[in-house]
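Biologist: Before any term is accepted, I would ask that each one be justified from the model itself. Shall we proceed by question and reply?

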Amino acid sequence: MQRYDGPIFDCDNHYYEAEDAFTRHVPRRMQKRCVQWVEMEGKRYHLVAGKLNLAVGNPTFNPISKPGVLRQYYRGNPEGKTFAELIRSALEPMPPEYMDRDARVARVEQQGLVGAWLFPTAGVLYEQAMSHDIEALCALTEGFNRWLAEDWGLTYEGKLFCAPYITLADVDWACRELEWALARDARVIVMRPSPILTRDGWRSHCDERFDPFWARADESGITVVAHVGSTNYTANGYGGNSAIDALGGGRKPSVAGLIPERAIHDFLLTFAYDKMFERFPNLRIASVENGSGFLRDLFVKLEQSKVRMPWYYKEDPAGLFRRNVWINPFWEDKMTDVIEHMGSDRVIYGSDWPHMEGMEHPRDILQELDGVSLADQEKILHRNTAALTERRPA
């Protein structure tokens with residue numbers, strides 16, 4: 001089959017946070033309620049909300065695992081090595097492009113990318129631990145976003161597009177933070193696919209109290225990314241709940257590996273059930289690093305809902321879903337299945353570079369596109385993400 005050899009726009013890149021990313025712009029009086037450093041047995045860790053947090057085992061990120069070291073594990077692990085063995089076999093000192101934007105631009109060009117969306121590494125993991133303290137959560141998130149703008153820029157050299165993190169725990173704060181991001185030319189924002197703990201209890205992202213935020217996102221045409229992160233989901237006693245368990249690298253198989261899939265399934269299905277795309281037809285929601293295995297069941301549920309409650313929907317919920325949602329599958333997912341569910345116009349590619357579970361080189365995806373036409377390869381690898389990076393005001 002023909003292989004695409006044109007430019008690639010990567011929808012899932014990551015930076016590693018600087019040592020003061022969670023403290024530089026957080027008021028000193030709030031830091032004990034947010035993120036602090038602590039040293040134990042010669043190693044440094046994060047205290048989050050005053051408690052030891054091991055969501056990131058080495059938040060100094062030095063040394064760091066090389067990108068793609070787990071690819072053979074997810075391919076079927078032909079050498080039979082453990083998760084830990086693979087990680088330890090490929091540690092290196094922190095490369096400059098993981099923390100420096102100019103070095104990253106040079107690296108992006110070297111990789112044959114025309115652009116990349118960049119997301120946090122630790123920054124998507126701490127909301128759950130702080131959800132009980134909304135004032136501190138907003139202070140930490142705001143400070144983190146100011147660090148991001150200062151060290152990376154929200155749009156840099158037309159190559160790097162960094163996503164400020166948004167929580168809806170305080171909708172007034174979220175609206176102000178969105179305006180701040182828009183004023184600085186942000187093209188994407190990121191949030192976790194999880195219910196929101198408000199001062200009145202847990203709520204869906206689609207609760208009407210959050211409509212002022214979604215109305216502004218709709219009006220501005222910015223792309224809202226739901227990226228895998230810490231959520232309120234657990235294995236409910238059926239297995240471990242650690243980050244390693246969720247990645248499938250624990251001592252034994254665990255249903256914890258299904259947590260990200262459950263979280264994004266419920267998040268996106270609720271957008272359809274609550275008719276968000278009827279209420280806000282210009283919303284663009286991109287699911288990144290959540291895989292695609294949930295799609296078949298999601299569309300079954302939408303069809304059942306439409307048949308059982310024909311008076312509820314003004315428009316076909318599955319059709320609206322395919323109009324307003326974009327899916328970034330895992331590289332190991334069968335791309336032709338994702339195209340069948342979503343259409344090639346709504347599939348985007350992310351390498352997860354430089355994380356260990358992603359691609360060693362972003363262009364390695366070209367080995368995983370059997371059965372995908374050349375025209376569809378161009379859409380998935382370039383055109384669709386490039387279009388989402390341009391704001392589309394209502």
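**Cavities, helix and sheets**

Modeller: A search of the whole structure, which is a predicted model, finds 2 cavities of 30 Å³ or more.

Biologist: What makes the largest of these a cavity, and how much space lies in it?

Modeller: The term cavity applies because a 1.4 Å probe fits at its points but cannot get out. About 80 Å³ of space lies in this largest cavity. Its lining consists of Phe22, Gly123, Tyr126, Glu127, Leu137, Leu140, Thr141, Phe144 and Tyr165.

Biologist: Which helix gives the most to the lining of the largest cavity?

Modeller: Helix H5, residues 134–151, gives the most, with 4 residues.

Biologist: How do the residues of that lining divide by class?

Modeller: They divide into 6 nonpolar, 2 polar and 1 charged. Gly123 is in the lining, and glycine counts as polar in this scheme, whereas tyrosine counts as nonpolar.

Biologist: What is known of the second largest cavity, and which residues line it?

Modeller: About 50 Å³ of space lies in the second largest cavity. Phe271, Ala272, Lys275, Met276, Phe277, Glu278, Tyr313, Glu315, Pro317 and Leu320 line it. Helices H9 (259–273), H10 (276–279) and H12 (317–324) each supply at least two residues of this lining, and H10 gives the most, with 3. By class, the lining has 7 nonpolar, no polar and 3 charged residues.

Biologist: How do you know that the end-to-end span of H9 agrees with its number of residues?

Modeller: The expected span is 1.5 Å times one less than the number of residues. For the 15 residues of H9 this should give 21 Å, and the end C-alpha atoms are 21 Å apart, so the two values agree.

Biologist: Which residues of H9 are called buried, and what does the word require?

Modeller: Buried requires a relative accessible area under 20%. In H9 the residues that meet this are Ile259, Pro260, Ala263, Ile264, His265, Phe267, Leu268, Leu269, Phe271 and Ala272. Phe271 and Ala272 also belong to the lining of the second largest cavity. Just after H9, Lys275 takes a positive phi of about 55 degrees, and Lys275 is likewise in that lining.

Biologist: Why is strand S1 described as largely enclosed?

Modeller: Strand S1 covers residues 8–14, and 7 of its 7 residues are buried, so S1 is largely enclosed by the rest of the structure. Strand S7 is mostly covered, with 6 of its 7 residues buried.

Biologist: How do you know that S1 and S7 pair, and in which sense do they run?

Modeller: Pairing requires at least two bridges between the strands. S1 and S7 (residues 113–119) are joined by 5 bridges and run parallel, so the requirement is met. Asn13 has Leu118 of S7 as its bridge partner, and His14 stands opposite Phe119 in S7.

Biologist: How many bridges join S7 to S9?

Modeller: Between S7 and strand S9 (residues 160–162) there are 3 bridges, and these strands run parallel. Trp117 stands opposite Phe161 in S9.

Biologist: What makes the pairing in the sheet S1-S7-S9-S8 mixed?

Modeller: This open sheet of 4 strands has that order, with mixed pairing. Its edge strands are S1 and S8 (155–156), each of which pairs on one side only. S1 and S7 run parallel, whereas S8 and S9 pair in the antiparallel sense over 2 bridges. In S9, Leu160 is the bridge partner of Tyr156.

Biologist: Why are S2 and S4 called edge strands of the other sheet?

Modeller: Here 3 strands form an open sheet in the order S2-S3-S4, with antiparallel pairing. S2 (35–40) and S4 (51–53) each have a single partner strand, so one side of each is left without a neighbour in the sheet. Neighbouring strands of this sheet are turned by 45 degrees against each other on average, direction ignored.

Biologist: How do you know that S3 and S4 pair?

Modeller: At least two bridges are needed, and 3 bridges join S3 (residues 43–48) to S4, so the strands count as paired. Leu47 stands opposite Leu52 in S4.

Conventions. Residues numbered from 1 in each chain as written. Predicted model: local features only at pLDDT ≥ 70, side-chain atom pairs only at ≥ 80, totals over all residues. Heavy atoms only, no water. 1 Å grid on protein atoms, 1.4 Å probe; cavity = no way out; pocket = protein on both sides within 12 Å on 5 of 7 lines; lining within 4 Å. Points joined across faces, edges and corners; volume = space filled by probe spheres on them. Buried < 20%, exposed > 50% of the residue type's maximum accessible area, 1.4 Å probe, protein only. Axes fitted to C-alpha atoms, helices over the stretch in contact; angles between N-to-C directions.
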